[in-house]
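The following exercises introduce a protein structure to a reader who has not met it before. Each task is followed by a solution that proceeds step by step.

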Amino acid sequence: STRLSLRSITDVIADFLPLLSLEARDVFYERLTDAACVEPSALANEAGLYLSSSQLQALASSTFEIGNHTYSHIHGRQLRPQDFGYEIDKNKAALESIIGRPVRSYSVPYGFSADLPGGLVEHLRESGHRSVFLVEGRVNPRLADPYHLYRVSVQARNEAEFFSELEILPRLRSIRHAWLRRGARELRVGPTARLGDAEAGSRVS
């Protein structure tokens, strides 16, 4: 087994929770709330964490696109085909019953590409979703796959920061990602290619 070093809530979200199945996550949350002596639903209501049905209806009538985000905010990499009905279809139907229109988009909880496996994409396509969004803040190519779209979380305090977050930083992230992928690819194929060249050279000589 792998031993994790969890030093912050970010570590828990990025490294620990993705390892848990639906069942294991429910047990973890139950033990966590019991140890903290808190009632999650009461805390959420007190903080106004969730939108009410009337607020959802108001947003939908104001040309906002209401999207699916799973029923329990689970990491997609842990979803099995038998979980799709509960996490994807149930939430889609609940939202549609409130806003009175089809839910066509899906936003990946936590936003990681690793939480968008092929089987999940296929189910989203078959269940009437027309677009899927990640939160990796990169540039979408001109002919982007509608089931793999990047979006940007904007927290700008002025126009200059807004322009930077929307136009500059996504391009820099895309360049970095391309270079990292290129470097990883060269690490994988480099030694093999060099070995193959050496063998070919020895045969020619």
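**Exercise 1. Classify His-73 as buried or exposed, or place it in between.**

Solution. The model is a predicted one, and the accessibility of each residue is computed from it.
Step 1. The relative accessibility of His-73 is 30%.
Step 2. Buried requires a value under 20%, and exposed a value over 50%.
Step 3. His-73 therefore counts as partly exposed.
Step 4. As to its place, His-73 belongs to the loop between H4 and H5.
Step 5. Its backbone deserves a remark: phi of His-73 is positive, about 55°, although the residue is not a glycine. Most residues other than glycine have a negative phi.

**Exercise 2. Find where Cys-37 lies and classify its accessibility.**

Solution.
Step 1. Cys-37 is located in the loop between H2 and helix H3 (40–47).
Step 2. With 69% relative accessibility, Cys-37 counts as exposed.
Step 3. Cys-37 also has a positive phi, near 55°, in a residue other than glycine.

**Exercise 3. Describe the overall arrangement of helices and strands.**

Solution.
Step 1. Seven helices and three strands make up the count for the protein.
Step 2. Along the sequence, their pattern reads α-α-α-α-α-β-α-β-β-α.
Step 3. The three strands form an open sheet in the order S1-S2-S3, with parallel pairing.
Step 4. The edges of this sheet are strand S1 (105–107) and strand S3 (149–150), each of which pairs on one side only.
Step 5. S1 and S2 run parallel and are joined by three bridges. In this part of the sheet, Ser-105 stands opposite Ser-131 in S2.

**Exercise 4. Characterise the aromatic pair formed by Phe-16 and Phe-28, and establish which other ring joins their cluster.**

Solution.
Step 1. The structure holds three aromatic pairs.
Step 2. In one of them, the ring centres of Phe-16 and Phe-28 are 5.1 Å apart and the planes stand at 70°, so the pair is edge-to-face. The cut-off for this class is an angle over 60 degrees.
Step 3. Phe-16 belongs to helix H1 (residues 9–16) and Phe-28 to helix H2 (residues 22–36), so the pair ties together parts that are twelve residues apart in sequence.
Step 4. Phe-28 also pairs with Tyr-29; here the centres are 5.7 Å apart, the planes are at 45°, and the pair is tilted.
Step 5. Ring pairs thus link Phe-16, Phe-28 and Tyr-29 into a cluster.
Step 6. Phe-16 is partly exposed at 22% relative accessible area, Phe-28 is partly exposed at 24%, and Tyr-29 is partly exposed at 30%.

**Exercise 5. Which residues touch the most other members of the largest nonpolar core, and which helix gives the most to this core?**

Solution.
Step 1. The largest nonpolar core has 15 residues, of which Leu-79, Tyr-106, Val-108, Leu-116, Leu-120, Leu-124 and Val-132 touch the most other members.
Step 2. At least two residues of this core come from each of helix H5 (84–99), helix H6 (118–126) and strand S2 (131–134).
Step 3. H6 gives the most, with three residues.
Step 4. Apart from residues up to four places away in sequence, Leu-124 touches Ile-88, Tyr-106, Leu-116, His-129 and Val-132.
Step 5. A second, separate core has six residues, including Leu-56, Ala-60, Leu-95 and Ile-99.

**Exercise 6. Are Lys-92 and Asp-83 buried or exposed, and what do they touch?**

Solution.
Step 1. Lys-92 is found in helix H5 and, at 11% relative accessibility, counts as buried.
Step 2. Beyond four places in sequence, Lys-92 touches Asn-68, Val-103, Ser-127, Gly-128 and His-129.
Step 3. Asp-83 lies in the loop between helix H4 (53–61) and H5. With a relative accessible area of 7%, Asp-83 is buried.
Step 4. Leaving aside neighbours within four places in sequence, Asp-83 is in contact with Leu-22 and Gln-78.

**Exercise 7. Over which rings do the charged ends of Lys-90 and Arg-125 sit?**

Solution.
Step 1. For Lys-90, the ring is that of Tyr-71, and the charged end sits 4.2 Å from the ring centre.
Step 2. For Arg-125, the ring is that of Tyr-147, with the charged end 4.2 Å from the ring centre.

How values were computed: Residues are numbered from 1 along each chain as its sequence is written. This is a predicted model: local features need pLDDT of at least 70, side-chain atom pairs count only at pLDDT 80 or more; totals for chains, interfaces and linings use all residues. Side-chain values use heavy atoms; hydrogens and water are left out. Rings of Phe, Tyr and Trp (its six-membered ring) pair if their centres lie within 6.5 Å; planes under 30 degrees apart count as stacked, over 60 as edge-to-face and the rest as tilted. Helices (H or I, at least four residues) and strands (E, at least two) are DSSP runs, numbered from the N terminus. Buried means under 20% relative accessible area, exposed over 50%, partly exposed in between (1.4 Å probe, protein chains only). A charge sits over a ring if NZ of Lys or CZ of Arg is within 6 Å of the ring centre and within 35 degrees of the ring normal. A nonpolar core is a set of buried Ala, Val, Leu, Ile, Met, Phe, Trp, Tyr and Cys residues joined through side-chain atoms within 4.5 Å. Contact means heavy atoms within 4.5 Å. Two strands pair if DSSP finds at least two bridges between them.
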